[in-house]
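Work through these short exercises with the model in view. Try each task before reading its solution.

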Amino acid sequence: MRKDSFIYRFFNLYYEGFKNMTLGRTLWAIIIIKLFVIFVILKVFFFPNFLKEHAKGNESAYVAGEFIERAEQ
């Protein structure tokens, strides 16, 4: 790859920036930990799989039935 290409310069900008970070590494670690907690821990404990619990294996029929039932109300 040529060193004057856009892709090389784009990659090199971020590579050099992350390589020379000191405080930024700590902040990125905190951000990654927070994202892990938000998307993994909270999902498991506070957002159960509603469709799996109520559909009992036939998800498409359950969803279609719910749409029809709510449309008739």
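This is a predicted model. A search of the whole structure turns up two salt bridges. The exercises begin with them.

**Exercise 1.** Find the distance, N to O, at which the side chains of E16 and K19 meet.

*Solution.*
- Step 1. Pick out the two side chains. E16 and K19 form a salt bridge at 3.6 Å, N to O.
- Step 2. Check the cut-off. A salt bridge needs a side-chain nitrogen of Lys or Arg within 4 Å of a carboxyl oxygen of Asp or Glu.
- Step 3. Place the pair. Both belong to helix 1 (residues 6-19), and because they are three residues apart, about one helical turn separates them.
- Step 4. Recall the geometry. An α-helix has 3.6 residues a turn, so residues three or four places apart point the same way.
- Step 5. Rate the exposure. E16 is partly exposed at 31% relative accessibility. K19 is also partly exposed, at 42%.

**Exercise 2.** Locate R70 and E66, and say in which helix they lie.

*Solution.*
- Step 1. Find the helix. Both residues lie in helix 4, four residues apart, or about one turn.
- Step 2. Look at the contact. R70 and E66 form a salt bridge, with their closest N and O atoms 3.5 Å apart.
- Step 3. Rate each partner. R70 is exposed, with a relative accessible area of 60%. E66 is partly exposed at 21%.

**Exercise 3.** Decide where helix 2 bends, and by how much.

*Solution.*
- Step 1. Trace the helix. Helix 2 covers residues 23-46, which is 24 residues.
- Step 2. Compare its span. From first C-alpha to last it reaches 33 Å, close to the expected 34 Å.
- Step 3. Find the bend. Helix 2 bends by about 30° at V37.

**Exercise 4.** Describe the backbone and surroundings of K56.

*Solution.*
- Step 1. Place the residue. K56 sits in the loop between helix 3 (50-55) and helix 4 (59-72).
- Step 2. Read phi. For K56 the angle is near 55°, a positive value in a residue other than glycine.
- Step 3. Rate the exposure. K56 has 70% relative accessibility, so it counts as exposed.

**Exercise 5.** Is the chain more spread out or less spread out than a compact globule?

*Solution.*
- Step 1. List the elements. The chain has four helices and zero strands.
- Step 2. Compare radii. The radius of gyration is 23 Å, well over the 11 Å that the globule rule gives for 73 residues, so the chain is more spread out than a compact globule.
- Step 3. Add the dimensions. The C-alpha trace spans about 60 × 30 × 25 Å along its principal axes.
- Step 4. Check burial. Buried residues make up 5% of the 73 residues.

Terms used. Residues numbered from 1 in each chain as written. Predicted model: local features only at pLDDT ≥ 70, side-chain atom pairs only at ≥ 80, totals over all residues. Heavy atoms only, no water. Helix = DSSP H or I, 4+ residues; strand = E, 2+ residues; numbered from the N terminus. Buried < 20%, exposed > 50% of the residue type's maximum accessible area, 1.4 Å probe, protein only. Expected span 1.5 Å × (residues − 1). Bend = angle between axes of the 7 residues up to and from the residue. Rg over C-alpha atoms; globule rule 2.2 N^0.38 Å.
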